[in-house]
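This briefing introduces selected features of one structure to a reader who has not met it before. Please keep the sequence and the model in view while reading.

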Amino acid sequence: MNLLSLLLGSMMTQSSVNNLSGKTGTSQSAIMRLLPLAIPILIKYLTKNAQSQQGALSLLGALTQHKNTNSMELQLADADADDGDMILNHILGGNYGNVMNQLAGQSGMSEDQVSSVLANIAPALLSGVSAA
């Protein structure tokens, strides 16, 4: 199984989606539409960033700070959205607004809802990548 499948599988369980819905006030169905769209994009940007030496070193530093071994459900329940927002801004850089707009349009959610959900999954995303 590849990294994308592992991340999607663990983040889209009923308990993970329930945790995200409770934390963000976003419906479970909206989260289920968003995650399969968003996670591949975030992995793409992580991969792109890691292609330069500076980006690879930065990613390595971020991965060492996000080695949470709790279940995905607990990681999402305990997620620090402020930390997640910083992670997203670093991963997406100047494309942050465009990506939020694109995902909002594709998922039928507002940009604020997309940003909130992604900020809550970003620390767990890094933990999942560091464990892979």
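Helix axes are lines fitted to C-alpha atoms over the stretch in contact, and the angles between them run from 0 to 180 degrees between N-to-C directions. The model described here is predicted. The points below concern a pair of helices, a single helix and one serine.

**Packing of α3 and α6**
- Helix α3 (residues 28-49) and helix α6 (residues 81-92) have axes that come within 9 Å and cross at roughly 60 degrees.
- That crossing makes α3 oblique to α6.
- On the α3 side the contact involves Leu42, Tyr45, Leu46 and Asn49, while α6 contributes Leu88, His90, Ile91 and Leu92.
- Of the residues in this contact, 6 are nonpolar, 2 are polar and none is charged.

**Helix α7**
- The 12 residues of α7 (residues 96-107) should span 16 Å at 1.5 Å a residue, and the end C-alpha atoms are indeed 16 Å apart, which agrees.
- Its buried residues are Tyr96, Val99, Met100, Leu103, Ala104 and Ser107.
- These buried residues lie on the same side of α7, because they cover an arc of only 135 degrees around the axis.
- The exposed residues Asn98 and Gly105 are carried on the face of α7 turned away from its buried side.
- After α7 comes glycine 108, with a positive phi near 80 degrees.

**Serine 116**
- Serine 116 belongs to helix α8 (residues 111-131).
- Its relative accessibility is 25%, so serine 116 counts as partly exposed.
- Between serine 116 and threonine 24 there is a separation of 92 residues in sequence, yet their C-alpha atoms are 6.2 Å apart in space.

Conventions: Residues numbered from 1 in each chain as written. Predicted model: local features only at pLDDT ≥ 70, side-chain atom pairs only at ≥ 80, totals over all residues. Heavy atoms only, no water. Helix = DSSP H or I, 4+ residues; strand = E, 2+ residues; numbered from the N terminus. Expected span 1.5 Å × (residues − 1). Buried < 20%, exposed > 50% of the residue type's maximum accessible area, 1.4 Å probe, protein only. Arc of directions from axis to C-beta. Parallel < 35°, antiparallel > 145°, perpendicular 65-115°, else oblique. Contact = heavy atoms within 4.5 Å. Nonpolar A, V, L, I, M, F, W, Y, C, P; charged D, E, K, R; others polar.
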